[in-house]
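Q: I have a model open and would like to learn how to read it. Where should I begin?

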Amino acid sequence: MQTELRFRFVQLLVCTLWLLAMFAHSAKAGNLPSSIYTQTSSWTEDTGQTVQLSKWQGQPLIIAMAYTECTRVCNATLHKLEEAQALADQQKTPVQFIIVSFDPSIDNPNSWSYYRRQHHFTERSNWHFLTGTTSATKRLAQSLGIKFWIDEDHVMHDLRILFINPDGQIKTFLDWDHQEVANLFK
């Protein structure tokens, strides 16, 4: 029994070190597209409506990825998004918030709608919870510099929130090393 516990501990330690390395790597912008609007994938909103990211072209966006079953990083992401919304309201900056699911196998309009109610976002018409295909999700995450992978039944991922200018280009972002929400709007 102790051998198994040691093995699990070492496994957790290795996974944690790998996560830290991935988070550090995610701070770099990498090879990102000139505009997210070049992506032609379709997404389903929590309302059931099918959309493309180009729906919001010409508007500033704050985009992040999360999933409804997450209990750790997504909560931190959601908290930062709420801070960003409060700052946008304070500055009277109109911005659309796009939250894209990491896990299309569990997230759908019903689960996102429940999530929206559970977290009290029903009154916010500028918040959009999207689900796409697995391949579209991977492409979008890669283009935004967001790392994620599946470990058993859990999606492991980094924290990355991006401010996208009206042309669809990444202007600023938050991650584990850069968490000042005010920096999103600079």
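A: Begin with one residue and its surroundings. This is a predicted model. Leaving aside neighbours within four places in sequence, Asn126 is in contact with Gln85, Val95, Gln96 and Phe97.

Q: Where in the chain is Asn126 placed, and is Asn126 buried or exposed?
A: Asn126 belongs to the loop between helix 3 and strand 5. A residue counts as buried when its relative accessible area is under 20%. The value for Asn126 is 12%, so Asn126 is buried.

Q: Which side chain makes a polar contact with that of Asn126?
A: The partner is Gln85, and the polar contact between the two side chains is 2.9 Å. Gln85 is also among the residues in the contact list of Asn126.

Q: Phe97 was in that list too. How do I read pairs of aromatic rings?
A: Look at the distance between ring centres and the angle between ring planes. Six aromatic pairs turn up in a search of the whole structure. One of them joins Phe97 and Trp127, with 4.8 Å from centre to centre and 10 degrees between the planes, and this pair is stacked.

Q: Why does the pair of Phe97 and Trp127 tie together parts that are apart in sequence?
A: Phe97 is in strand 4 (residues 96–101) while Trp127 is in strand 5 (residues 127–131), so the pair links parts that are 30 residues apart in sequence. Phe97 has a relative accessibility of 0% and therefore counts as buried. Trp127, at 1%, counts as buried as well.

Q: What does an edge-to-face pair look like here?
A: Take Tyr115 and Phe129: their ring centres are 5.9 Å apart, with 70 degrees between the planes. Tyr115 lies in helix 3 and Phe129 in strand 5, so this pair ties together parts that are 14 residues apart in sequence. Both of these residues are buried.

Q: Which residues do ring pairs link into a cluster?
A: The cluster consists of Phe97, Trp112, Tyr115, Trp127 and Phe129.

Q: Can a ring have another kind of partner? Where does a charged end sit over a ring?
A: A charged group can also be placed over a ring. The charged end of Arg160 sits over the ring of Phe173, at 4.0 Å from the ring centre.

Q: How do I read a helix, and which residues of helix 3 are buried?
A: List the buried residues, then look down the axis. In helix 3 (residues 109–118) the buried residues are Ser111, Trp112, Tyr115 and Arg116. Seen down the axis of helix 3, they fall within an arc of 140 degrees, so they line one face of the helix.

Q: What is found at the two ends of helix 3?
A: At the N-terminal end, Asn108 acts as a cap: one of its side-chain oxygens is 2.8 Å from the backbone nitrogen of Asn110. After helix 3 comes His120, which has a positive phi near 65 degrees.

Q: Why look at the sign of phi?
A: Most residues other than glycine have a negative phi, so a positive one is worth noting. Lys92 is another residue with a positive phi, near 55 degrees. Lys92 lies in the loop between helix 2 (73–91) and strand 4. With a relative accessible area of 72%, Lys92 is exposed.

Q: Which residues of helix 4 are buried?
A: They are Ala136, Thr137, Leu140, Ala141, Ser143 and Leu144. Down the axis of helix 4, these fall within an arc of 165 degrees, so they line one face of the helix. Just after helix 4, Gly145 has a positive phi of about 75 degrees.

Q: What does Thr137 touch?
A: Not counting residues up to four places away in sequence, Thr137 touches Trp43, Met65, Ser101, Phe102, Pro104, Gly132 and Phe148. A polar atom of the Thr137 side chain is also 2.8 Å from the backbone oxygen of Thr133. Thr137 has 1% relative accessibility and counts as buried.

Q: How many helices and strands does the whole chain have?
A: The protein chain has four helices and nine strands. From the N terminus on, their order is α-β-β-β-α-β-α-β-α-β-β-β-β. Of the 186 residues in the chain, 47% are buried. Among contacts with a separation of 6 or more, 68% are between residues 24 or more positions apart.

Key:
Residues numbered from 1 in each chain as written. Predicted model: local features only at pLDDT ≥ 70, side-chain atom pairs only at ≥ 80, totals over all residues. Heavy atoms only, no water. Buried < 20%, exposed > 50% of the residue type's maximum accessible area, 1.4 Å probe, protein only. Arc of directions from axis to C-beta. Polar contact = N/O pair within 3.5 Å; in protein donor to acceptor, adjacent residues only side chain to side chain. Phe/Tyr/Trp six-rings, centres within 6.5 Å; stacked < 30°, edge-to-face > 60°. Lys NZ or Arg CZ within 6 Å of the ring centre and 35° of its normal. Contact = heavy atoms within 4.5 Å.
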